[in-house]
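Subject: Structure handover

Hello,

Here is the structure I promised to pass on. Please open it and keep it beside this email as you read.

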Amino acid sequence: TYAESFGNSGSIDIQADEVSIASGAFVGATSFGFGLAGPITMVANSIDLIGPNPAPLSPFDLPFTGIASLSGVIGAGGGTVTVTANQLKILDGAQINAQTTGLGDGGQVIMSADDVTISGFDPTNARPAGIVTDTSAFAGFSGFAIGRAGEIDITATDLTVSDNGIISSQSSSFGDAGSVIVHADSATFTD
């Protein structure tokens, strides 16, 4: 969903047995106007987010495959991304990403799954696979980039992060990064 004026973008609610998002496809809620980016909820037995992503065709194309909430320069804020699955794979530069580039705070990412694998890198776009919340600024609009990055909250039975995969909340602007909270029975982090 997409909002470019005063309204909010709509919500996205996906319930399925299997979800596969690959090769530049994404599910996204964005606000480039004054409104809020809508929430995204995805519930499935298995979810596969698989890069790499082809090179973006324009500055407005997302440089990754996956699930995204974006609040633009004058956006009121990002929506919460909630993902629930038995098995979740985020591979080869794909991401679950909530970002703000402006005044509003970025959305939270809340993820709950039994088996989670985050692994691989997209060399074309220099993008690691991961779960990310961040703040950044468009050139010429850095003074607007005061929104905070959202929190990441992960609950998993088995969590594996490898081969340049990341779980990260980061700030490249005036806004603060968010907290990262991981509850896992077993967690493995390797290069």
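Below is what was found in it, from the whole chain down to single residues.

Please keep in mind that this is a predicted model.

**The chain as a whole**

The chain has 14 strands and 0 helices. Read along the sequence, the pattern is therefore β after β, from β1 to β14. The chain has 191 residues, and 46% of them are buried. About 8,400 Å² of the chain is exposed. Carbon and sulfur atoms supply 52% of that area.

How far apart in sequence are the residues that touch? Take the contacts between residues at least 6 apart. Of these, 81% join residues at least 24 apart.

**The sheet**

Look next for an open sheet of 6 strands. Their order is β2-β4-β6-β8-β12-β14, and the pairing is parallel. Which strands sit at the edges? They are β2 (12–22) and β14 (180–189), and each pairs on one side only. From one strand to the next, the twist averages 10 degrees.

Three of the pairings are worth tracing on screen:

- β6 and β8 pair in the parallel sense over 10 bridges. Valine 81 has valine 109 in β8 as its bridge partner.
- β8 and β12 run parallel and are joined by 10 bridges. Threonine 117 has threonine 160 in β12 as its bridge partner.
- β12 (residues 152–162) and β14 run parallel, with 9 bridges between them. Valine 161 has phenylalanine 189 in β14 as its bridge partner.

**The core**

In soluble globular proteins, nonpolar side chains tend to be buried together. In this model, the largest nonpolar core holds 32 residues. Which of them touch the most other members? They are Ile47, Ile67, Ile90, Ile96, Ile118 and Ile131.

Several strands give two or more residues to this core. From the sheet come β2, β4 (40–50), β6 (81–91), β8 (109–119) and β12. The others are β3 (26–31) and β7 (95–100).

**One residue up close**

Select isoleucine 118, one of the core residues named above. What does isoleucine 118 contact, leaving aside its neighbours within four places in sequence? Its partners include Ile90, Ala129, Gly130 and Ile131. Further along the sequence, isoleucine 118 also contacts Leu159, Thr160, Val161 and Ser162. Gly165, Ile166 and Ile167 complete the list. Two of these partners, Ile90 and Ile131, are also among the core residues that touch the most other members.

Best wishes

Definitions and conventions
Residues are numbered from 1 along each chain as its sequence is written. This is a predicted model: local features need pLDDT of at least 70, side-chain atom pairs count only at pLDDT 80 or more; totals for chains, interfaces and linings use all residues. Side-chain values use heavy atoms; hydrogens and water are left out. Two strands pair if DSSP finds at least two bridges between them. Helices (H or I, at least four residues) and strands (E, at least two) are DSSP runs, numbered from the N terminus. Axes are lines fitted to C-alpha atoms, for helices over the stretch in contact, and angles run from 0 to 180 degrees between N-to-C directions. Buried means under 20% relative accessible area, exposed over 50%, partly exposed in between (1.4 Å probe, protein chains only). Contact means heavy atoms within 4.5 Å. Accessible areas come from the Shrake-Rupley method with a 1.4 Å probe; for residues, only the protein chains shown count as cover. A nonpolar core is a set of buried Ala, Val, Leu, Ile, Met, Phe, Trp, Tyr and Cys residues joined through side-chain atoms within 4.5 Å.
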